[in-house]
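Work through the exercises below with the structure open. Try each task before you read its solution.

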Amino acid sequence: MKALSENGTHASLCNPEMIQAIFELERRRQKALVDVDLDTLHSLFDDELIHVHSTGLVHDKSQLLAHIARKRGFLAIERGPLHVQGTAALAVLSGPIINHLRGADGGEEQMHGFVTQVVYLTQEGWKFLHFQLTVTRES
C-alpha cells in the first residue's frame, strides 16, 4: 500500500502510525547528532549497527559514537523526501540528505548525499541497524 506523507515522502508500510514513528526516529537522530547527545544516539542505534560513511569508512556502534564525540561536526542536517519500504517490523528508508558540517578551518561545509537506512522494531521501539551515505555530485 502506498501512502504519501509530509513533504512528498512516499511510504509502502500499511500502518501510518509506524511510518510516523520511523520519521520521528530519524528526526531524533538528526537532533542528537547536532546536539552531540550520545545517550540519545546510543538508545537509537542497535548494538549491531553498521554505519558506512561517505568515504567508505565502516564503524560499529561504539566506534561511531566515539567518532561523533571526537568530531562534533554537525551544524545542521536537512533531509529531502524519504521513501520508506518495509514490513511491520523492518523498514528501509532512502532519500537525499544535506549535512552542514564544521570545516577544518572552523567554517561550514555542505555534504550533499543520498542515504539508505535500515531500521527495525525492537521491544524498546524502532532502532537503526544500518546506515550508508553516498556523496552526490552535481551533473
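The exercises cover a helix, an aromatic pair and salt bridges in a predicted model.

**Exercise 1. Describe helix 1 and its two ends.**

Solution.
- Start with the length. Helix 1 covers residues 16-35, which is 20 residues.
- Check the span. From first C-alpha to last, helix 1 reaches 28 Å, close to the 28 Å expected at 1.5 Å a residue.
- Look at the N-terminal end. Asparagine 15 caps it, with a side-chain oxygen 2.8 Å from the backbone nitrogen of glutamate 17.
- Look past the other end. Valine 36 follows helix 1, and its phi is positive, near 50°.
- List buried residues of the helix. Among them are Ile19, Ile22, Phe23, Glu26 and Arg29.

**Exercise 2. Classify the aromatic pair and say which parts it ties together.**

Solution.
- Count first. The structure holds one aromatic pair.
- Take the geometry. Phenylalanine 45 and phenylalanine 128 lie 6.3 Å centre to centre, with 75° between the planes.
- Apply the cut-off. Planes over 60 degrees apart count as edge-to-face, and this pair is edge-to-face.
- Place the residues. Phenylalanine 45 lies in strand 3 and phenylalanine 128 in strand 9, so the pair ties together parts that are 83 residues apart in sequence.
- Check burial. Both phenylalanine 45 and phenylalanine 128 are buried.
- Add the charge. The charged end of arginine 29 sits over the ring of phenylalanine 128, 5.9 Å from its centre.

**Exercise 3. Take two salt bridges of helix 1, arginine 29 with glutamate 26 and lysine 31 with aspartate 35, and decide whether each residue is buried, exposed or partly exposed.**

Solution.
- Begin with arginine 29 and glutamate 26. Their side chains meet at 2.7 Å, N to O.
- Both lie in helix 1, three residues apart, about one turn of the helix.
- Buried means under 20% relative accessible area. Arginine 29 has 4%, so it counts as buried. Glutamate 26 has 1%, so it is buried.
- Turn to lysine 31 and aspartate 35. Their side chains meet at 2.5 Å, N to O.
- These two are separated by about one helical turn, because they are four residues apart in helix 1.
- Lysine 31 is exposed at 54%. Aspartate 35 is partly exposed at 43%.

**Exercise 4. Find what the salt bridge of lysine 61 and aspartate 47 links.**

Solution.
- Read the distance. The side chains meet at 2.9 Å, N to O.
- Place the partners. Lysine 61 is in helix 3 and aspartate 47 in strand 3, 14 residues apart, and the pair links distant parts of the chain.
- Compare burial. Lysine 61 is buried at 6% relative accessible area, whereas aspartate 47 is exposed at 58%.
- Finish with the network. Salt bridges that share partners join Glu26, Arg29 and Arg79.

Technical notes: Residues are numbered from 1 along each chain as its sequence is written. This is a predicted model: local features need pLDDT of at least 70, side-chain atom pairs count only at pLDDT 80 or more; totals for chains, interfaces and linings use all residues. Side-chain values use heavy atoms; hydrogens and water are left out. The expected span of a helix is 1.5 Å times one less than its number of residues. Buried means under 20% relative accessible area, exposed over 50%, partly exposed in between (1.4 Å probe, protein chains only). A polar contact is a pair of N or O atoms within 3.5 Å; within protein, one must be able to donate a hydrogen and the other to accept it, and residues adjacent in sequence count only if both atoms are side-chain atoms. Rings of Phe, Tyr and Trp (its six-membered ring) pair if their centres lie within 6.5 Å; planes under 30 degrees apart count as stacked, over 60 as edge-to-face and the rest as tilted. A charge sits over a ring if NZ of Lys or CZ of Arg is within 6 Å of the ring centre and within 35 degrees of the ring normal. A salt bridge is a side-chain nitrogen of Lys or Arg within 4 Å of a carboxyl oxygen of Asp or Glu.
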